There are 2 protein chains.
Amino acid sequence: MTQPLGEAIRDHFERRILAGELAPGARLPTEQEIMTAFGCSRMTVSKALSTLASAGLIERRKRAGTFVARPRVHAMVLEVPDLAAQVMERGQDYRFRLDRREKVTAREGHLSGQSALHLAGTHFADGAPLAIEDRLVSLAAVPAIADADLTGEAPGTWLLHHIPWTEADTRIFAHGASAEEAAALGLQAGAACLCIERRTWRGTEPITAVRQLFVAAGYELVAHFGPGG
Amino acid sequence: MTQPLGEAIRDHFERRILAGELAPGARLPTEQEIMTAFGCSRMTVSKALSTLASAGLIERRKRAGTFVARPRVHAMVLEVPDLAAQVMERGQDYRFRLDRREKVTAREGHLSGQSALHLAGTHFADGAPLAIEDRLVSLAAVPAIADADLTGEAPGTWLLHHIPWTEADTRIFAHGASAEEAAALGLQAGAACLCIERRTWRGTEPITAVRQLFVAAGYELVAHFGPGG
DNA sequence: CTTTCGATTATGTCTATACATTATTGCTCG
DNA sequence: CGAGCAATAATGTATAGACATAATCGAAAG
């Protein structure tokens, strides 16, 4: 049960930094000093510090030394689970209804000019509308979707299982429902909704663009930041 | 301008994975094979693969080998910049007005039971209300805030500069403004707002809890996922 | 046919050393 | 006094070899 040496070094400094004992901007000992203090080789120290550096905890400058990073904008991890899985995890019944499906030529966005499948549908939790979505899927990037049965399975779930993306942009904002949107969600016009717009790529090839409108009472996003991940 | 060897190895496999040439679950060559293919030592290969592994692109299993990771869909990076900086970056004028400041004993949440400073204020962009916020700051964890001048600087900005947090939870959801909230934001009652609730810790010590209500038209969150950062 | 257990093979970590890179420090020269 | 340049001190990358660890595979035992 002996802890690897490099890990011990990492833990040592991570703890001291998180405890505030080493304030932002403070200088750490040189690799030489750490090396003798821990009784190990310099490579081991270097690798441990590299890990902390890529985690954003410290900053290393040649000739100058190693310093505790000054926290800038904090990046948080936003959980984006599959909607169906998320609803069922709450013990609710999940259902998806496909409302529209047609082949189009995209006119805007990152899919602009490409042949795409236009899909619209409604997500239900325990029989009540939870969200409506409007999606374009590139037929060039995902030809298989032309033959997919999407009447029961949400397109997002299908895509997740068939061609995972490698890059994505997400915009999150509040939106007052239009009359049409409100009707589809069983709300009054102008009711507050959470809107999520996401564009995804595989490498540089656009895959899909989706706009999801959630009933405010039924959905929230949760993000977390911390050393535990 | 010779690229470091380890970086070349990383790039090689990253490109092939992102291009789909190496499908999820596919096995990479062993370190021995890569080592001879690139004409370098095993340490170099190992370090390169370790980097890819910690980036989540590959998965390494002893005895079995190295495999392309099945994409984890559920983690995106949400930037949490300082609000003042974000507004000014858009070329707008930023202002904060402190509306209330009183010492209280927290009654709920992670600060429950602790002595805290209750702060309420309004964020303005180009003179128009952008958001209202309601915040509790632990006086035990941040005694210095008792003497801080917060009439012009937002408490979040002050905290960011004085005691950065190490852990945070964020909830994001849509909210229809109450009559009071709407009045403060210059909206009609029921107008859609984006609500962000955040609790932060330093280690295990609670720092602050904040609820920010944004005018829907003026604010959106942006999250990103991808190797590009 | 199933279970156990050892051999094998891959990754994981570490060492000691070497040389490259780079920004600072400080000295020299105008 | 200042501009430029060289010495220096730190990190960055790499090597070849050694042993540790763990999971798989296959053979032996039940």
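Hi everyone, let's start at one contact: a polar side-chain atom of B:R60 sits 2.5 Å from a phosphate oxygen of DNA strand C. The elements giving two or more residues to the surface near strand C are α1 (5-18) and α3 (42-54) from chain A, plus α3 (42-54), β1 (58-61) and β2 (65-68) from chain B. Please keep in mind that this is a predicted model.

Staying with strand C, B:R42 reaches a base: one of its polar side-chain atoms is 2.7 Å from a base nitrogen. B:E31 uses its backbone instead, with a polar atom 3.1 Å from a phosphate oxygen of strand C.

So how many residues surround DNA strand C? There are 23, and the closest are A:L5, A:T44, A:R63, B:R42 and B:R60. By character, the residues of that surface are 5 nonpolar, 8 polar and 10 charged. Of the strand C atoms within 4 Å of the protein, 61% are sugar or phosphate, and the rest belong to bases.

Now over to DNA strand D. Here 23 residues surround the strand, with A:R60, A:R63, B:L5, B:T44 and B:R63 the closest. Which elements each supply at least two residues of this surface? From chain A they are α3, β1 (58-61) and β2 (65-68), and from chain B, α1 (5-18) and α3.

For the individual contacts, the side chain of B:R63 places an N or O atom 2.7 Å from a base oxygen of strand D. Two backbones approach phosphate oxygens of strand D: B:S41 at 2.9 Å, and B:G6 at 3.2 Å. Finally, sugar or phosphate accounts for 60% of the strand D atoms within 4 Å of the protein. Thanks, everyone!

Notes:
Residues numbered from 1 in each chain as written. Chains lettered and ligands numbered in written order. Predicted model: local features only at pLDDT ≥ 70, side-chain atom pairs only at ≥ 80, totals over all residues. Heavy atoms only, no water. Near = heavy atom within 4 Å. Polar contact = N/O pair within 3.5 Å; in protein donor to acceptor, adjacent residues only side chain to side chain. Helix = DSSP H or I, 4+ residues; strand = E, 2+ residues; numbered from the N terminus. Nonpolar A, V, L, I, M, F, W, Y, C, P; charged D, E, K, R; others polar.
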